[in-house]
Amino acid sequence: MKTPLPDWLTEGQRHVWLPYTQMKTAAMPAPVVRTQGSRIQLADGRILIDGIASWWTACHGYNHPHIARAVHDQLDRLPHIMFGGLAHEPALKLAKRLCVLLGPGLDRAFFTESGSVSVEVALKMAMQYWFNQGEPQRRRIVAFRGGYHGDTFGTMAVCDPGVGMHAAFDGIIPHQDLHDLPLDDASSDALDAWLREHAGHMAAILVEPLVQGAGGMRMHEPFVLARLRELADRHDVLLIFDEIFTGFGRTGTMFAFEQAGVQPDIITLSKALTGGTLPLAATVASRRVFEGFWSDDPAHALMHGPTYMGNALACAAALASLDLFEREPRLAQVRAIEGQLREGLAPCAALPCVREVRVKGAIGAVELHSTPDRAALCRQFLEAGAWIRPFGNIVYLTPAFTTTPDDLRRLTDAIETVLSALPS
């Protein structure tokens, strides 16, 4: 006998507006009542293995007791206080700790509540930096095809419109400059030549290091970041790394840029910052950028301040999450996951519907020749006991770092089984 849907779902569905969803034709979302580790429990009692860690956030798995205790203790003391004119211990400790982790040179953290807004702040920092230097014409951004940086108006402008789901806003959002990533000498020379001509109007170069996430899980080598650092220095533009997806161990190092041996001028962080428990983001700037705002002139201040900036609960969760990276073998777990993803997804490369299989750290992507019926695929994955949510022609896994080998095997087996039934 089929378990009836809970009242809160059937009644609330009439009033909620879901993300990335055509509400008229959407199926009822799966009702979740509990999470634990890498497991999701549905209202009907079914248990799913989570293959995407709630959009890449729950790096330690769900309900880690150390993070839960930290949030509970902070809730008893001080859940939130405005950050304008006041300060609190969790935010200031977190700012220092992030800057130490990022290395000398990145030493001022500005907190926001979401990844998109952290990129907005990075763009604002870059443009106002040049305004404060007496070069107000430097307000354009170099971004890259295949890139995705968020859904707010500023970030839509620096997404690839072909993958950013923003075609309806063409002509409304600001024009920015999209280029090919400098993957080889030809594309590097082309970008160099373009910057030579236009650098006087450019504020910054913006890139997702090593993996372009929501744009298709496109992966590139660390030398690309070194090339971008060289080009930014040669043409005197700022360099922004968007590590919202790649930060906190996802690519095998704490931050993706470490693999290139270069630093950005500004870095954006979110997603796994709190271990997937509470919304928080940070835009961390270099000393050079911060000193561009250090002035007796009030007009040179960074005029931005989200209401929930530096939320104490979220900062406590982030500090606890960083504790776990120190106390538990997260990067070793990522290396083990990478090896198992390579092995487990390898058979998919021989399927007629598959164009390519890619793996980097705890990221496994299977690119298909065509875009499948995503709703149908999701239903089949659910029937296999897996929570896997494809986008476009990409079926991917970004599991929690604590996912067991058996659970990861069930996820890769589910992908192979479901894709085996697809036509070429």
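The following exchange looks at how some residues of this predicted model are described, and at the values behind each description.

User: Why is H88 called buried?

Analyst: H88, which lies in the loop between α3 (65–77) and α4 (89–102), has a relative accessible area of 7%, and because buried means under 20%, H88 counts as buried.

User: What makes the approach of the H88 side chain to the backbone nitrogen of A91 a polar contact?

Analyst: The side chain of H88 reaches that nitrogen of A91 at 3.4 Å, and since a polar contact requires a pair of N or O atoms within 3.5 Å, the distance meets the cut-off. A polar atom of the H88 side chain also lies 2.6 Å from the backbone oxygen of G310, which is likewise within 3.5 Å. Leaving aside residues up to four places away in sequence, H88 touches L78, I81, F83, G310, N311 and A312.

User: Why is the aromatic pair of F290 and W294 called tilted?

Analyst: A search of the whole structure finds twelve aromatic pairs. In the pair of F290 and W294, the centres are 5.7 Å apart and the planes make an angle of 50 degrees; the rings pair because 5.7 Å is within 6.5 Å, and they are tilted because 50 degrees is neither under 30 nor over 60. The pair of F391 and Y396, at 5.3 Å centre to centre and 55 degrees between the planes, is tilted as well.

User: How do you know whether F290 and W294 are buried, partly exposed or exposed?

Analyst: F290 has a relative accessible area of 24%, which places it between the cut-offs of 20% and 50%, so F290 is partly exposed. W294, at 64% relative accessibility, is over 50% and therefore counts as exposed.

User: What makes the charged end of R108 count as sitting over the ring of F290?

Analyst: The charged end of R108 is 3.9 Å from the centre of the F290 ring, which is within the 6 Å limit, and it is described as sitting over that ring. The charged end of R138 sits over the ring of W130, also 3.9 Å from its centre.

User: How do you know that C59 is in no disulfide?

Analyst: The count for the model comes to zero disulfides. For C59, the nearest cysteine sulfur, that of C315, is 16 Å away, and because a disulfide needs two cysteine sulfur atoms within 2.5 Å, C59 is in none. C99 is in no disulfide either, with the sulfur of C315 13 Å away. C59 is buried at a relative accessible area of 0%, and C99 is buried at 12%.

Conventions. Residues are numbered from 1 along each chain as its sequence is written. This is a predicted model: local features need pLDDT of at least 70, side-chain atom pairs count only at pLDDT 80 or more; totals for chains, interfaces and linings use all residues. Side-chain values use heavy atoms; hydrogens and water are left out. Helices (H or I, at least four residues) and strands (E, at least two) are DSSP runs, numbered from the N terminus. Buried means under 20% relative accessible area, exposed over 50%, partly exposed in between (1.4 Å probe, protein chains only). A polar contact is a pair of N or O atoms within 3.5 Å; within protein, one must be able to donate a hydrogen and the other to accept it, and residues adjacent in sequence count only if both atoms are side-chain atoms. Contact means heavy atoms within 4.5 Å. Rings of Phe, Tyr and Trp (its six-membered ring) pair if their centres lie within 6.5 Å; planes under 30 degrees apart count as stacked, over 60 as edge-to-face and the rest as tilted. A charge sits over a ring if NZ of Lys or CZ of Arg is within 6 Å of the ring centre and within 35 degrees of the ring normal.
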